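Please open the model in your viewer and keep the selection panel at hand. The stops below go from one selection to the next, with a word on what is found at each.

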Amino acid sequence: MRIANLQGRATLVSGSTGLDVEGASDGRFSADPAALWSDWAGFVAWASTVDVAGHADARPFEESDLLAPVPNPSQVFGIGLNYADHAAESSMEVPENPLVFTKFPSSLAGSDVTVRLTGDRVDWEAELVVVIGRGGRDIPVDEAWDSVAGFTVGQDISDRTVQSQGKPPQFSLGKSFQNYAPTGPAVVTIDELRSAGHDPEALRVRCEIVDEQGGEPRTLQDGTTADLIFPVVQLVARLSAIVELRPGDLIFTGTPAGVGLGRTPQVFLKPGQRLTTEIEGLGIIRQTFVA
Ligand code: ZN
């Protein structure tokens, strides 16, 4: 199942066809994408009976009309240095415990947005984003998958100047400017991934960029979530050992190697560039940058 936020309305998606949740459920489920999380289990049970593509009310849609699939989560966790090759390019040691910050929810955006650059050291980070379906505390590793509603694609856009200023530095603010947390195109459930032949513990993560003047896209990052130092189940278990996870919470799981900060010479985003981020089985998100 793929659940998206089409211009503010919860929408089941199959390919480029969408089905309005409120209409198709005769009002049992709200149009508000943020409201689904209060009865996620009931929603999944209903949605799994719906033939989206074959439904009489299904309609084609434009991906540019997709807003953040989880528009207002209670918590957004970001995990730093969760791939060994990215820790190495950052000249940092691999942490013994997950390095956690937040992207404040007001930074969330949809799957095709324009992002205003806040300086000349703004960087990209392609990331798998976990969406919590059933929350709780002290979730054991062997029950952690039951807490995961699904995944979506995210970019952890980061103003490195703001991120690194101060002693000690603080990650969260430099990663929380407007539209610095684009997500989408939809929340894809784990069973949907599996039934399409994807291994939810080994998904290819890529991002590439096209310059303002056009030309061939250049690959910036190309990794796999199989290389996560703290995989999804570990993140759920370790976070829930300290904080209560709630339905709809997001976990940006960290980025593989290839960020601009780790290059020689360093490279950062420029106005006019267009960034695309793709995760196997989940889809593509796109950002255009302006000064
Ligand atoms: Zn990140």
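## A tour by selection

Begin with Arg286, which is partly exposed, with a relative accessible area of 26%. Bear in mind throughout that this is a predicted model. Add Glu63 to the selection: this residue also counts as partly exposed, at 35% relative accessibility, and Arg286 forms a salt bridge with it in which the closest N and O atoms are 3.9 Å apart. The two lie in distant parts of the chain, 223 residues apart, with Arg286 in strand S19 (residues 283-290) and Glu63 in the loop between strand S4 (59-60) and S5.

**The two domains.** Next, colour residues 2-61 as domain 1 and residues 70-290 as domain 2, the two parts into which the protein chain is divided. Their centres, taken over C-alpha atoms, are separated by 25 Å, and eight residues of domain 1 are in contact with 16 residues of domain 2. The area buried between the two domains is about 950 Å², and carbon and sulfur atoms give 65% of it. Now show Arg2, Trp37 and Trp40 as sticks, since together they supply 68% of the area that domain 1 buries against domain 2, more than any other three residues.

How many salt bridges does the rule find across the interface of domain 1 and domain 2? There is one. To see a salt bridge made by Arg2, select Glu192 as its partner, with the closest N and O atoms 3.5 Å apart. This pair links distant parts of the chain, as Arg2 belongs to strand S1 and Glu192 to helix H6 (residues 190-195), 190 residues away. Arg2 is partly exposed at 22% relative accessible area, and Glu192 is likewise partly exposed, at 24%.

**Strand S1 and its partners.** Stay with S1 and bring up the strands beside it. S1 and S2 run antiparallel and are joined by four bridges, among whose residues Leu6 has Arg9 in S2 as its bridge partner. The two strands form a hairpin with two residues between them, and in the turn Gln7 has a positive phi of about 50 degrees. Two bridges join S1 to S14, again in the antiparallel sense, and Ile3 stands opposite Val187 there. S1 also pairs antiparallel with strand S5 (residues 66-67) over two bridges, where Asn5 is matched with Leu67.

**Helix H2.** Select residues 40-47, in which Trp40, Gly42, Phe43, Trp46 and Ala47 are buried. Looking down the axis of H2, you will find that these buried residues fall within an arc of 160 degrees, so they line one face of the helix. They pack against several elements, including strand S1 (2-6), helix H1 (21-24) and strand S14 (181-189).

**Strand S11.** Moving to residues 126-132, note that seven of the seven residues of S11 are buried. Ala126, Leu128, Val130 and Ile132 point one way, while Glu127, Val129 and Val131 point the other. S11 pairs antiparallel with S12 over seven bridges, and with strand S17 (residues 250-252) over three; Ile251 in S17 is the bridge partner of Val130.

**A buried pair.** Finally, select Asp156 and Lys175, whose side chains meet in a salt bridge (2.8 Å, N to O). Asp156 is in the loop between S12 and strand S13 (158-159), and Lys175 in the loop between helix H5 (171-174) and S14. Are these residues buried or exposed? Asp156 counts as buried at 0% relative accessibility, and Lys175 is buried too, at 2%. Salt bridges that share partners join both of them with Lys103, Asp123, Glu125 and Arg160 into one network.

Conventions
Residues are numbered from 1 along each chain as its sequence is written. This is a predicted model: local features need pLDDT of at least 70, side-chain atom pairs count only at pLDDT 80 or more; totals for chains, interfaces and linings use all residues. Side-chain values use heavy atoms; hydrogens and water are left out. Buried means under 20% relative accessible area, exposed over 50%, partly exposed in between (1.4 Å probe, protein chains only). The arc is that of the directions from the helix axis to the C-beta atoms. Contact means heavy atoms within 4.5 Å. Two strands pair if DSSP finds at least two bridges between them. Domain bounds come from an automatic or database domain assignment. Buried area is the accessible area (1.4 Å probe) that two parts lose on being put together, summed over both. A salt bridge is a side-chain nitrogen of Lys or Arg within 4 Å of a carboxyl oxygen of Asp or Glu.
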